[in-house]
Amino acid sequence: MTEHGPASARTTMKRGTNRAVYSPDEIRGVLQAGMIAHVGVTTEDGPIVLPMAYGVRGDNILIHGSIANAMLRGGRGIDVCITVTIVDGLVVARSPLHNSMNYRSVVIRGLASPVTDPADQADALKVINDHIAPIWDTARPPSKIDYKQTLVLSVPLTEASAKIRGGDPIDDAEDIAGPHWAGVVPLTSTWGEPIDAADLNDGIVPSPAVVGLAGTDAHG
Ligand SMILES: Cc1cc2nc3c(=O)[nH]c(=O)nc-3n(C[C@H](O)[C@H](O)[C@H](O)COP(=O)(O)OP(=O)(O)OC[C@H]3O[C@@H](n4cnc5c(N)ncnc54)[C@H](O)[C@@H]3O)c2cc1C
């Protein structure tokens, strides 16, 4: 990503270029608001795309999972594609093939490097964990075994693009003159009140960061 345009030919949008965004700040804004990354790799069995949590640290996006995760193990040192999508609304046109969605999406392409240094791995895992809510510091710290069983991959944000759609459907003039409804149905995601685990011991309350989620925009 660069301030003025795409970083490479393969991150250059050819269709819907009016919705293309390459500004690092705007790309980071979408990543900050997003929650799930779809991580795609090519494997011997064929391509696979899996949903994962993520975090952004410096100029990199970080993903993690069990060392048993075949996709993560296979993704070390190879070219991956990571997509983050937020749907902001349904765009209802007068004719179904003109329907759309309002959205913010980011596509990142690049080499995934394993984060192996123990202190670096711990910091990366905190970043991923705290991306949604900063609850790392108030929970039981991870054990040596937890760390050993967790694989972290880092992908540079260099080859990143965003696509952002907002506003009304785009209908043909003859449809606008017709009898069919058109407009936008907004979609919002709001965190609910925390629910105690069934096996929670008496007298234990959620941390302020967990309590503070209730009623807030999950993509805010
Ligand atoms: C929620 C949602 C639903 C969508 N539904 C459809 C659908 O049903 N049908 C459909 O055809 N398209 C849909 N799109 C748009 C789709 O993601 C592609 O942008 C579009 O299809 C163009 O694809 P292309 O391969 O021709 O893009 P190109 O312009 O050739 O892509 C070139 C490069 O631009 C970048 N790029 C492309 N798309 C995106 C993106 N969405 N976000 C960030 N960077 C991008 C990538 O780096 C890509 O390699 C949807 C997008 C979103 C977010």
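User: Two strands count as paired when DSSP finds at least two bridges between them. How many bridges join strand 5 to strand 9 in this model?
Analyst: Welcome! This is a predicted model, in which local features need pLDDT of at least 70, side-chain atom pairs count only at pLDDT 80 or more, and totals for chains, interfaces and linings use all residues. Residues are numbered from 1 along each chain as its sequence is written, and side-chain values use heavy atoms, without hydrogens or water. Strands (DSSP runs of E, at least two residues, numbered from the N terminus) include strand 5, residues 60-66, which runs antiparallel to strand 9. The number of bridges joining them is seven.

User: Which residue of strand 9 is the bridge partner of Pro114?
Analyst: Strand 8, residues 113-114, runs antiparallel to strand 9 and is joined to it by two bridges. From strand 5, Ile63 stands opposite Leu153 in strand 9. The strand 9 partner of Pro114 is also Leu153.

User: How many of the seven residues of strand 9 are buried?
Analyst: Buried means under 20% relative accessible area, with a 1.4 Å probe and protein chains only. Strand 9 spans residues 150-156 and is largely enclosed by the rest of the structure, because so many of its residues are buried. Of its seven residues, the buried number is six.

User: What share of the protein chain's residues count as buried?
Analyst: The C-alpha atoms fill a box of roughly 65 × 45 × 35 Å along the principal axes. The chain has 11 strands as well as six helices (DSSP runs of H or I, at least four residues). Of its 220 residues, the buried share is 34%.

Definitions and conventions: Buried means under 20% relative accessible area, exposed over 50%, partly exposed in between (1.4 Å probe, protein chains only).
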